[in-house]
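Trainee: Could you pick one part of this structure and walk me through it slowly? I'd like to start small and work outwards.

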Amino acid sequence: MNGIHTLFAALSPLFTLGQAERPPLPVWWWLTPVCSVAALVVAWAFYRSIIQRSEGQDAMREIAKAVREGAYAYLRRQYVVVALFFVVVAALLAWLAFGLGVQNQIVPFAFLTGGFFSALAGFFGMKTATSASARTAQGASESLNNGLTISFRGGAVMGLCVVGLALLCISLWFAYLYLVHHRVFGGGRPLALEEIAMVMLGMGLGASSMALFARVGGGIFTKAADVGADLVGKVEAGIPEDDPRNPATIADNVGDNVGDVAGMGADLFESYMGSILATGVLGTAAAVAAGLGGAEVFAYLAAPMLLAGVGIVLSIVGMMLVRTREDADMRQLMHALDRGIYAAAAMTLVAAAGLCWLLGLGWGVWGAIVVGVVIGIVIGKATEYYTAAEYGPTKLIAKAAESGHGPLIINGIAQGLLSAWVPILVIALGMAAAFGLSGGFREGGLLFGLYGVGIAAVGMLSTLGITLATDAYGPIADNAGGIAEMAGLGKQVRDRTDALDSLGNTTAAIGKGFAIGSAALTALALVAAYVEEVRVGLHREAAAAYAVTDATGAAGYEVASLGYGKYALYVPGGDDDPMRFTVSAFAGAGDEAVVIADPDSGEPVSIVVNQVGDGLAGMALTDAAGQSITGVAKAGLADYMARYNVTLMNPKTIIGVFMGVMLVFVFSALTMNAVGRSAGEMVEEVRRQFKQFPGIMDRTQKPDYARCVLISTRAAQKEMVLPSVLALAAPLAVGLVLGVAGVLGLLIGGLCCGFAMAVFMANSGGAWDNAKKLIETGAHGGKGSDAHKAAVVGDTVGDPFKDTSGPSLNILIKLMSMVSIVFAGLVVVYAPVVGQWLGIN
Amino acid sequence: MDTRFYLMCYRFEALVASQLPPEQFGSYMAVGTRKRTSGRVMFFEIDAERIDRSYFPVEAVQAHEDGSPRKSQYLSVYRVMEHIPLDAFGKLHLVTQDGLTLGLDGAPAPNDPEEQAHMYVELCPVGPRVVSELGPAAFAKFMTDPENALHFPRLFFADQLIEREADGSLASYLPYRDHAHILDCIEDLGRPGKKSKTVDRLPPLVAFYRTIKTGFYVGDPTGCRLYRFPSADRLDDELHRWWRSAQLG
């Protein structure tokens, strides 16, 4: 028995770090919260500089006010629905944590804060964007540079709020869990770093859930308004875009903000937070498994946070470089934005080298960061190539419009399908490079390789502050153009806002590619983190089972068979904390009893304890029948794959893959149908207004804009429920029925199919949109021609592709992983039970 | 309220009396008040003093009982234009499909430019698209010449762009359906005695206002008037709202 104690004392670094004499947080770590606060301070300064500008003449102020009120009305309603959802899910998580004991008790609170901070970022972004549009138009009336500065700073507020709040949320939780929690609730025992990393993933679920509502709801809103406005306004009534006579025109402008600002922001907030958290989990697991010391484990955990912090500061520096000449053309405007983005990326890479050196992570990790940055740039450029009017693919689609609607649709779909090859290949090669550079191909380096993939995602997103700024700038410029048009501003102002808007279209397409690429890498890191959560789930089950056993009087080294080949052992000395003093193990099917010999005394002991660290390395611990048993903490990824039979020969895995693919298709169909139905409601409303208020057309009566905003808002809230429930429930249902193997199949199937589908939809939609714009410049018959009519149809089809279903898939692939992670404990405990009922274990 | 007289000449031919000013009349004819129609309309203001009152029952119209202006009272339909002398034609109003009106002043057509080929779309009383080697004034004279077996008493038409690229093809921004056919027709003009060639008997006027080269013409054996279309710069700047709407269809 003493041998067990001796061995237990030599537990993994986890436990070493978990001692009360835990070292203080290193000084360099404090850069993380400082950088996040710096982002918020600069965002505040940008916001102040924007609102101090004039909103222009009365007509401009009136339009901007209507858009702002519409956006707030949408947000209010959405937040009510989301709040209800969060209360329900938090209650469910609390039940899992406090009731069933299959979840950490901090997770419900982390979940709520993740969602709250994401919503806060969305609110600040929307507030700024809707305040910046009229001011951009007014600024453009003074000079092009003023227009660019105001609109870019408006976008920068969104970018900085997203990165600032996400990193602040992470920093606050980390500092609290590291320094405070154990003193208040934790019985004096500090949480192990691995526990901290895993608990913080709960924030990711909050951010993912918020992103789901923001992206799906926002996507439905914006396209319901856009398609509805176009169908009745342009096609039936024959009135141009952004015409104040169109009752849906304000809803359309509101939609630009809720879809492209709040939706995109929430999407990338989730990626940003998810990649940092998942990489932290992987880094901790890798370092612990490699037997590294506490400082090294900490370095691997904190490196993503620090990299993100450094990226924020350098993004701010990049933002300062964005300015242009007064007579700038499109190329020069684009160059102004590129200068900021590339400068920030280059400086971040230099800083990352210093960071890797400082933390002793090695040049391989730096290489992975470089790979992440390169992936982001290449996917962005490939997206630009396949969607911008200057390049062949979009020109071909525009040419096909001459032959009619059918060829245009066929060509658009073909180009979209073809466009998927670059991002897929880049992600695949990038993943291999990041994995390899971080040592993944070396023996025993699997976790370090996965850490490399995760840190590549963090590297890609490290300059999110500025990349999101260039993205969120688009709808501001677009709205500014609309305001200039509706307010009847002069040609010079319109020309300038048009130039800013055109630039915004390009940056929006690049931003979509960036969002998809980062989602893929983040989701991949999350899938790897899922296995870590399974480990925690198994251990938590063992701890919970011990508590039950203890209550009946059992104590000491008694083994508790949890059934289904899972075991637990309570080690005396920590009655207040079963998690810490319980040892968990799993075995292959058929191991019912476990009796081993104590390595010191030779006496029989009823459990396997080879998970407790180096001290046990090499011990041949077997049960009485001579079968190997693996300790949960010590087990590697391959052990888990073997334990759950995660192979392509396992029907559960294959079924999971099919389920993942099916989900992508069904989810896409549901969101597209939602747009169709919502647009139909909008069409009816616009028709009704034209009929009931005949003076709208001759401008003697004013349309009821608010009513259209309300319809879009209601429709978005109603229609987002089913896809959202599907995205949330499917991983849980698959997990409970098919177990871990099924979940991993689902995640991989969903990730691969969802990524390809998202690229296809975004690029097809973007290319159709720009083919129409190309024709509107005079090519192939120009505006109003038959080719243009065909292109309008393509654009209408492409609208829900690129702005609803495609972006929503980014969320789906990440959310499924997050849901799987958070509910892994439940799956670990109950999937075998369900499987037994169904006879499929 | 004054009574005004308008000659509708696209898409149908009618003489209409109305108490609405041209802008409101155009909007009314294009989109209606309750029917929510939409469609491009063109009409002339007509000087009633110069009309043959023995042919048309021209008289002032009365406002509605509630005091609202009489929007339209049709005085005559079918073969109307031929009975209105050229000097009675006032401003030409072009109305977009959503009811925005642009008024053009007329003036005697200048001397024809020396170009090898022109393309015209006839708007009233018939509507084919033709290519011709004749300049606008000569074309009007030719088409209304009583000496010709086939002629019209009076013709309202517009000249359309046939700008060529360096390789001889029609410029890509031109919204005509079959560029090759137009080029073939132009080619045919080279045949001896071939002054004009029909391109399309009833062409769809797709993105019509964008295709106008010089302007609109109304001509008969007594003369030809040009209603000059505004320059691209003016359309884009001063007339922006109308031009945006006009480009839609």
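Mentor: Sure, let's start at Val130(B), which sits in strand β9 of chain B, covering residues 129–132. By strand I mean a DSSP run of E with at least two residues, while a helix is a run of H or I with at least four, both numbered from the N terminus.

A bit of housekeeping before we go on. This is a predicted model, where local features need pLDDT of at least 70 and side-chain atom pairs count only at pLDDT 80 or more, while totals for chains, interfaces and linings use all residues. Residues are numbered from 1 along each chain as its sequence is written, chains are lettered from A and ligands numbered from 1 in the order in which they are written, and side-chain values use heavy atoms, leaving out hydrogens and water.

Back to our valine. Val130(B) has a relative accessible area of 5%, so it counts as buried; the cut-offs are under 20% for buried, over 50% for exposed and partly exposed in between, using a 1.4 Å probe and protein chains only. What does Val130(B) touch, neighbours within four places in sequence aside? Its contacts (heavy atoms within 4.5 Å) are His118(B), Met119(B), Tyr120(B), Glu122(B), Phe139(B), Lys197(B), Thr198(B) and Val199(B). For a sense of scale, the C-alpha atoms of Val130(B) and Asp236(B) are 29 Å apart, with their positions 106 residues apart along the chain.

Now zoom out to the sheet. It's an open one in chain B with seven strands, ordered β7-β13-β12-β10-β8-β9-β11 and paired antiparallel. Two strands pair if DSSP finds at least two bridges between them. At the edges you'll find β7 (106–108) and β11 (196–200) of chain B, each pairing on one side only. Ignoring direction, neighbouring strands here are turned by 30° against each other on average.

A helix joins the picture too: α3 of chain B (residues 179–188) packs on this sheet, touching β8, β9 and β11, and its direction makes about 170° with that of β11(B). Such axes are lines fitted to C-alpha atoms, for helices over the stretch in contact, and the angles run from 0 to 180 degrees between N-to-C directions.

Next, step along to β10(B). Five bridges link β8 (residues 118–124) of chain B to β10 (residues 155–160) of chain B, in the antiparallel sense. Glu122(B), for one, is matched with Phe157(B) in β10(B), and Val121(B) with Ala158(B). β10(B) also pairs antiparallel with β12 (residues 212–220) of chain B, again over five bridges, and there Ala158(B) has Phe216(B) as its bridge partner.

Is β10(B) enclosed or open? Six of its six residues are buried, so β10(B) is largely enclosed by the rest of the structure. In a regular strand, side chains alternate between the two faces of the sheet. In β10(B), Leu155(B), Phe157(B) and Asp159(B) are on one side, Phe156(B), Ala158(B) and Gln160(B) are on the other, and all are buried, leaving both faces covered.
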